[in-house]
Protein chains: 4
Amino acid sequence: MSNSSEPVGAPRRRRKEARPSELTAAALALFVEKGFAATRLEDVAAHAGVSKGTLYLYFDSKEALFKAVIEEGIVARFVAAGEQAAAFDGTATDLLQHLLLAWWEQIGSTPLAGVAKLMISESRNFPEVTRYYHDKVIVRGRALMRSVLERGIANGEFRAVDIDSAIDVIFSPLLMLVLSRFSLAFCSGSDDPKSFLKKHIDLVLRGLSKEEAGR
Amino acid sequence: MSNSSEPVGAPRRRRKEARPSELTAAALALFVEKGFAATRLEDVAAHAGVSKGTLYLYFDSKEALFKAVIEEGIVARFVAAGEQAAAFDGTATDLLQHLLLAWWEQIGSTPLAGVAKLMISESRNFPEVTRYYHDKVIVRGRALMRSVLERGIANGEFRAVDIDSAIDVIFSPLLMLVLSRFSLAFCSGSDDPKSFLKKHIDLVLRGLSKEEAGR
Amino acid sequence: MSNSSEPVGAPRRRRKEARPSELTAAALALFVEKGFAATRLEDVAAHAGVSKGTLYLYFDSKEALFKAVIEEGIVARFVAAGEQAAAFDGTATDLLQHLLLAWWEQIGSTPLAGVAKLMISESRNFPEVTRYYHDKVIVRGRALMRSVLERGIANGEFRAVDIDSAIDVIFSPLLMLVLSRFSLAFCSGSDDPKSFLKKHIDLVLRGLSKEEAGR
Amino acid sequence: MSNSSEPVGAPRRRRKEARPSELTAAALALFVEKGFAATRLEDVAAHAGVSKGTLYLYFDSKEALFKAVIEEGIVARFVAAGEQAAAFDGTATDLLQHLLLAWWEQIGSTPLAGVAKLMISESRNFPEVTRYYHDKVIVRGRALMRSVLERGIANGEFRAVDIDSAIDVIFSPLLMLVLSRFSLAFCSGSDDPKSFLKKHIDLVLRGLSKEEAGR
DNA sequence: GATGAATGAGGATTCATTCAT
DNA sequence: TATGAATGAATCCTCATTCAT
């Protein structure tokens, strides 16, 4: 789980720059696995190869660590996705396909997808972080998808569907995939997530497509 | 945490009949709100209007209470739903519509829907309960829906769709609704769940329908 | 140190009424001995013959325990002293003598005298408690002594001395006695506190007396 | 806490000459303010403008720092006072007055007075340091005052009072002043310590004086 | 059955101390 | 010499669980 690109016997000292993300990565894994309350900081520390006290050099409290876990990487990644979409030259169809696949590559298939499950589990315990996540991830994610759909509708690629419903339909299987990975398998896609995703994309695009409406 | 020495479905050792469902109801509310680990039994007892010690007259441990919360009402309700479906006289279309609305009335809109969120949050901590939930709820629910779809396809109401994909498409918005109620609002349906649900039923039925394929 | 008026093998349960003062007594002894920060609550509990957790049934935190230690008995005792003084029939000379001896019997020679040393040590760490102690003990104590001196001056027993200075002179050896008992022996009275106190009373009364001023 | 393996007065093992008194000064301020146990070495270091580790270049442990704080300046200053007294030419009256004022100027009004409050608070935790302080400060201080009183009695300036009692009477208000500065104000002298002190000196000298016994 | 006082193992947090740089 | 990142023992506090009443 810990991607150790460093030599095994390397000294553990003097890591001040790299430490926080090592710690949040370890914390994410355990928070997703056990939940916030059931995760012991000692285990987080052990997971990251440091001692208990070291955590407190970087985070004031368990709760601060939780916040950092959520913030870590989320914003940056969404900014990147937004820029990609804005600069995209191809069709809306291609863009939609690209975005969902990119989400899978960069988030859905990585430990970062655990953030979604973590937020589902802990949202009630951290209202402030929940608002942050809602504003930075959900609202932005929906806005990004909205712009794609609007572009597609405007240039005649897509039918004039109800956009919010379409976003729901597009996003809900992604959530199902995440939950399959970190929780229960509600859906049938847990065996082969990638093909499940491609089938989903296919379905969505066919449903949106203006051509061959009769299928 | 999940050292479960006895099988979930095994007969409880004592006082099964007397076990007040007020206790499991209170526990469900708090487990869903705060998570299993972060819920204090003292709060559960207070919520149910009894003393801390009384809980132990009915449940051997916090974990046993958790299991009881999951079992409570779930099995009975699914049995009822299965019987209803088996005895249903009308069209598959009507049955599908009926089942989803019944789910909303009897589960989705009630505190019982919290069980789903609870299972999502705690599945990793209670593998055995998760298996139980998977077998009793997910597998049965999918089987029930499968029989409806197969019946509809057989009698020519529905197109010959891929059934597992159809079940995913049908169930995922239900999950979204639950998460909207007890966690984050990922979807746009949190404002008016019932109309969201009806719109969803409408969409599904139209998508399944053999007639007016060209829409 | 623990005045055990109960049978040794007596069950430790069901003591809810008596517990708090047992706990504050144990806490006082240790706080005075080691200071607030250096005292472990586990030791306090052991001193009182209970477990660590029991402390938290009666006091919310270590700091709450500290406050309770200071409040415990202080107010009641000062009220009693004030009433005694108000109802006193004899001369101011007798009353002054009586008050100082009563202080010694009821406070100075008992563990309660430790409260003064504790306040000296911890005043800076607990400004709020310090204000309370100042208002309830120091101000009231000085007011009580002031009334005695004023009475003595009014009826011609005492010379018209500067009252605040007289109070300082009267009280400072009491403080020295306390410090001798619980801290350093700055004064020569640590060997025989009672005779030290009597010599002091004698000195004070002779200094205040209007008669035989030339001595 | 007070496991002191080496005698206090023993020669420090290293760097005695280089040991910056800024460190002991900072430590004194914080020890007096918060107490020994509640003072963090990190704060001491920050107060002195050095890093935490630097403290350990000069002091082997927190306890060693405590000892150094007590030793620092105390001995030297008392030696000086003793020499001044021995070489003093004037009357005992003048000498007594001079000594008390000198104490105020060089100790009582400076941060060094905090040492007394610190010893009061921590004496029980550091028996060995307490003995050192007792021998070096209290015993010497009383001896110095004793010699002054004896000189005054011998040459007819003072009445033949009980010397130990007189020393108590002379020193106790000094203690009150210190406690007023660093702890609670038990006495009335906290507003204007210097005039309080002068009034005290006046009182003492008048009480000792052989002349005008009738006042 | 019901209560709630008591327990003590467990975990978050602090901070004196070390040591590589 | 000086630093400050790292450590882990120590301690406050919580809470599941027990049991005398």
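**DNA strand F, the chain pairs and S123(D)**

Reader: Which residues come nearest to DNA strand F?

Author: This is a predicted model. In it, 35 residues surround DNA strand F, and R19(A), T54(A), Y58(A), T54(D) and Y58(D) come nearest.

Reader: What part of the strand's atoms within 4 Å of the protein is sugar and phosphate?

Author: Sugar and phosphate make up 74% of the atoms of DNA strand F that come within 4 Å of the protein.

Reader: OK, phosphates then. How far is the R19(A) side chain from a phosphate oxygen of that strand?

Author: An N or O atom in the R19(A) side chain sits 2.4 Å from a phosphate oxygen of DNA strand F.

Reader: And Y58(D), what's the distance from its polar side-chain atom to a phosphate oxygen?

Author: For Y58(D) the distance to a phosphate oxygen of DNA strand F is 2.5 Å. Chain B takes part too: a polar side-chain atom of R40(B) is 3.2 Å from a phosphate oxygen of DNA strand F.

Reader: Which elements give two or more residues to that surface?

Author: Helix 3 (52–58) of chain A, helix 3 (52–58) of chain B, helix 3 (52–58) of chain C and helix 3 (52–58) of chain D.

Reader: How do the residues near the strand divide into nonpolar, polar and charged?

Author: There are 15 charged, 10 polar and 10 nonpolar residues on the surface near DNA strand F.

Reader: Switching to the protein itself. What's the secondary structure of chain A?

Author: Chain A has 10 helices and zero strands. Read from the N terminus, its elements go α-α-α-α-α-α-α-α-α-α.

Reader: How much of chain A is buried?

Author: Of its 215 residues, 47% are buried. Chain A exposes about 10,700 Å², with 52% of that supplied by carbon and sulfur atoms.

Reader: And its contacts with a separation of 6 or more: what share is between residues 24 or more positions apart?

Author: In chain A, that share is 69%.

Reader: Now the chain pairs. How many residues are in contact between chain A and chain B?

Author: 41 residues of chain A contact 42 residues of chain B. Together the two chains bury about 3,400 Å², and 59% of this is on carbon and sulfur atoms.

Reader: Which residues of chain A lose the most area to chain B?

Author: R124(A), L184(A) and F186(A). Together they account for 21% of what the chain A side buries.

Reader: What about chain D and chain C, how many residues does each give?

Author: The contact takes 41 from chain D and 40 from chain C. About 3,400 Å² is buried between chain D and chain C, 59% of it on carbon and sulfur atoms. On the chain D side, R124(D), L184(D) and F186(D) supply 21% of the area buried against chain C, more than any other three residues.

Reader: Where does S123(D) sit?

Author: In the loop of chain D between helix 7 (114–122) and helix 8 (127–154).

Reader: Buried or exposed, and why?

Author: S123(D) counts as buried because its relative accessibility is 5%, and the cut-off for buried is under 20%.

Reader: What does S123(D) touch, leaving out residues up to four places away in sequence?

Author: F182(C), S183(C), L184(C) and T130(D). The side chains of S123(D) and S183(C) are also joined by a polar contact of 3.3 Å.

Reader: Last one, A25(D). Where is that?

Author: A25(D) lies in helix 1 (residues 21–34) of chain D. With 47% relative accessibility, A25(D) counts as partly exposed. A25(D) is 44 residues from V69(D) in sequence, yet their C-alpha atoms are 7.4 Å apart.

Definitions and conventions:
Residues numbered from 1 in each chain as written. Chains lettered and ligands numbered in written order. Predicted model: local features only at pLDDT ≥ 70, side-chain atom pairs only at ≥ 80, totals over all residues. Heavy atoms only, no water. Helix = DSSP H or I, 4+ residues; strand = E, 2+ residues; numbered from the N terminus. Buried < 20%, exposed > 50% of the residue type's maximum accessible area, 1.4 Å probe, protein only. Contact = heavy atoms within 4.5 Å. Areas by Shrake-Rupley, 256 points an atom, 1.4 Å probe, with all protein chains shown as cover. Near = heavy atom within 4 Å. Polar contact = N/O pair within 3.5 Å; in protein donor to acceptor, adjacent residues only side chain to side chain. Nonpolar A, V, L, I, M, F, W, Y, C, P; charged D, E, K, R; others polar. Buried area = accessible area lost by both parts, 1.4 Å probe.
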